[in-house]
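Dear colleague,

Please find below the structure that I am passing on to you, together with its sequence. My notes on it follow directly after.

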Amino acid sequence: MTTPPGAFLPYGRHDIDEDDIAAVAEVLRGDWLTTGPKVAEFENALAAVAGAKHAVVCNSATAGLHLAMMSLGIGPGDFVVVPSVTFLATANCARYVGAEVLFADVDPETGLMTAETLEAALARADNGNVRAAIPVHLAGRTVDMAALSEIAERHGFALVEDAAHAIGSQYKINGKLEPVGNCRFSKMAVFSFHPVKTIAMGEGGAITTNDDGLQASLASLRSHGMTREAQHLAQPDMGLDARGQMNPWYYEMREPGYNYRATDMQCALGLSQLRKLDRYAKRRRQLVDRYRQLLQPLRPLVSGPTEPSDCEPAWHLCAIRIDFQAAKIDRAALIAKLRADGIGTQVHYIPVHHQPYYRQRYGELCLPGADAYYESCLSLPLFPAMTDGDVDRVVESLGRALKR
């Protein structure tokens with residue numbers, strides 16, 4: 001599916017083909033609509049793509065982050081380190097379980113948590129019980145997980161990767177590419193399959209892990225905390241028949257969970273989309289390369305996205321940085337001019353430590369890297385159906401708006 005010439009270009013859009021529609025229609029004609037065989041099929045396929053032992057699918061990345069916190073036993077009195085440049089859910093998942101958020105600053109050029117900003121956040125913990133940190137692979141570019149892992153091991157806390165932007169991205173480890181989600185340096189990685197992400201399930205998320213215990217906990221917690229395996233038979237006649245065998249209707253709940261399940265319809269679409277991941281990731285890289293080339297004449301007013309040497313991103317966003325003061329235009333005015341030309345943009349993200357809820361809870365924080373990144377960032381259209389001509393059109397409109 002390609003974008004018609006002159007059509008409005010949103011900052012992101014799903015790419016649905018006839019084979020995707022056929023995959024969902026097949027489920028609709030079958031026996032299962034909710035949790036059925038496509039769920040396990042999708043989990044197995046995702047685990048293989050990510051290079052992890054397990055994948056647990058759920059109905060959103062927000063749910064996945066919540067499940068990750070619960071499965072680690074994080075709760076009141078604990079702290080979770082979160083970069084301030086991220087979506088709200090990365091911080092909120094800690095609050096869902098009663099833990100406190102310790103905001104970390106980011107690199108002002110990339111928006112990523114670094115070893116230095118993680119250490120600085122830990123120094124503000126006042127000997128608090130830091131149980132986890134959630135590095136975010138912003139825009140599809142990966143955090144230096146090896147460096148963060150060394151810090152986590154030294155301080156005794158877990159790393160949970162927010163990989164909502166990074167399905168298909170790869171780290172470079174000792175000169176070799178390894179997929180995000182293999183959890184070499186983390187306990188878990190959480191993915192998103194929202195429509196603007198690289199692959200879409202309508203709404204959907206998943207957690208990958210190499211830990212058998214975490215997989216079992218995640219799978220139980222996403223379905224009310226319910227299991228069919230008997231462990232605590234308060235009334236044996238409920239679970240066992242006269243021959244001492246488990247009754248087929250038996251279930252028990254060892255701790256409360258949630259209804260975070262994904263459906264067979266979602267997973268059928270996810271499976272179809274996952275088969276195209278390499279093609280989608282390659283096209284996104286090609287589009288960003290073209291942006292990078294065409295944006296050169298707009299320097300120094302415009303910079304990025306720089307080409308990283310430590311990873312191969314499957315770019316979710318084409319996030320550029322603009323010196324609005326030097327350009328003598330504010331961001332809202334630029335966005336309006338681009339929109340008048342049929343070009344949609346977005347800002348990723350307002351630093352979470354500035355949100356009213358967190359300001360009231362933690363007071364004013366000074367995170368200059370997060371503020372600098374936010375003040376200059378703008379996401380340009382990026383999705384696989386775009387043509388090279390679409391990129392040309394965006395850059396030409398941007399140049400006119402900046403009078404360059």
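Strand β9, which covers residues 205-209, is mostly covered, with five of its five residues buried. I should say at once that this is a predicted model. Burial applies to both faces of β9: G205, I207 and T209 lie on one side, while A206 and T208 lie on the other.

The strands paired with β9 are as follows. Strand β1, residues 54-58, runs antiparallel to β9 and is joined to it by five bridges. Within that pairing, C58 has G205 as its bridge partner. Strand β8, residues 188-192, is likewise antiparallel to β9, again with five bridges. Here M188 is matched with T209.

M188 appears again in the surroundings of S71, a residue of helix α3. Is S71 buried or exposed? Its relative accessible area is 14%, and the cut-off for a buried residue is under 20%, so S71 counts as buried. Apart from its neighbours within four places in sequence, S71 is in contact with M188, L214, S217, L218 and L221.

Helix α3 also matters for the next topic, the nonpolar core. The largest such core has 122 residues, and the members that touch the most others are V81, L334 and L398. Which helix gives the most to this core? That is helix α3, residues 61-71, with seven residues. As for L334, once neighbours within four places in sequence are set aside, its contacts are I322, F324, I329, L378, L398, A401 and L402. L398 is thus both a contact of L334 and, with L334 and V81, one of the core members that touch the most others.

I turn now to the pockets. The largest pocket holds about 550 Å³ of space. It is lined by 22 residues, and those closest to its centre are A216, A219, S220, M226 and T227. Three elements each supply at least two residues of this lining: α2 (37-50), α7 (212-221) and β10 (226-227). Of the elements, α7 gives the most, with six residues. What is the make-up of this lining by class? There are eight nonpolar residues, seven polar and seven charged.

The second largest pocket has a volume of about 370 Å³. Its lining is made up of 25 residues, and F87, A164, S192, K197 and Y349 lie nearest the centre. Both α3 and α4 (88-96) supply at least two residues of this lining, and α3 gives the most, with three. By class, the lining divides into 11 nonpolar, 11 polar and three charged residues. Helix α3 therefore deserves a second look when you open the model, given that helix α3 gives the most both to the largest nonpolar core and to the lining of the second largest pocket.Some points of backbone geometry remain. Where are the cis peptide bonds that I noted? One joins R299 and P300, with an omega of about 5°. P300 is placed in the loop between α10 (277-295) and β12 (302-303). Another joins G304 and P305, and its omega is about -5°. P305 lies in the loop that runs between β12 and β13 (311-312).

Two residues other than glycine have a positive phi. For N174, phi is near 50°. This residue is in the loop between β6 (170-173) and β7 (176-179). N174 is exposed, because its relative accessible area of 76% is over the 50% cut-off. For H224, phi is about 70°. H224 sits in the loop between α7 and β10, two elements that each supply at least two residues of the lining of the largest pocket. With a relative accessible area of 35%, H224 is partly exposed.

Yours faithfully

Note on methods: Residues are numbered from 1 along each chain as its sequence is written. This is a predicted model: local features need pLDDT of at least 70, side-chain atom pairs count only at pLDDT 80 or more; totals for chains, interfaces and linings use all residues. Side-chain values use heavy atoms; hydrogens and water are left out. A nonpolar core is a set of buried Ala, Val, Leu, Ile, Met, Phe, Trp, Tyr and Cys residues joined through side-chain atoms within 4.5 Å. Buried means under 20% relative accessible area, exposed over 50%, partly exposed in between (1.4 Å probe, protein chains only). Helices (H or I, at least four residues) and strands (E, at least two) are DSSP runs, numbered from the N terminus. Contact means heavy atoms within 4.5 Å. On a 1 Å grid over the protein atoms alone, a cavity is a set of points where a 1.4 Å probe fits but cannot get out, and a pocket is an open set with protein on both sides within 12 Å along at least five of seven lines; lining residues have an atom within 4 Å of a point. Grid points are joined across faces, edges and corners, and a volume is the space filled by probe spheres set on the points. Ala, Val, Leu, Ile, Met, Phe, Trp, Tyr, Cys and Pro count as nonpolar, Asp, Glu, Lys and Arg as charged, and the others, Gly among them, as polar. Two strands pair if DSSP finds at least two bridges between them.
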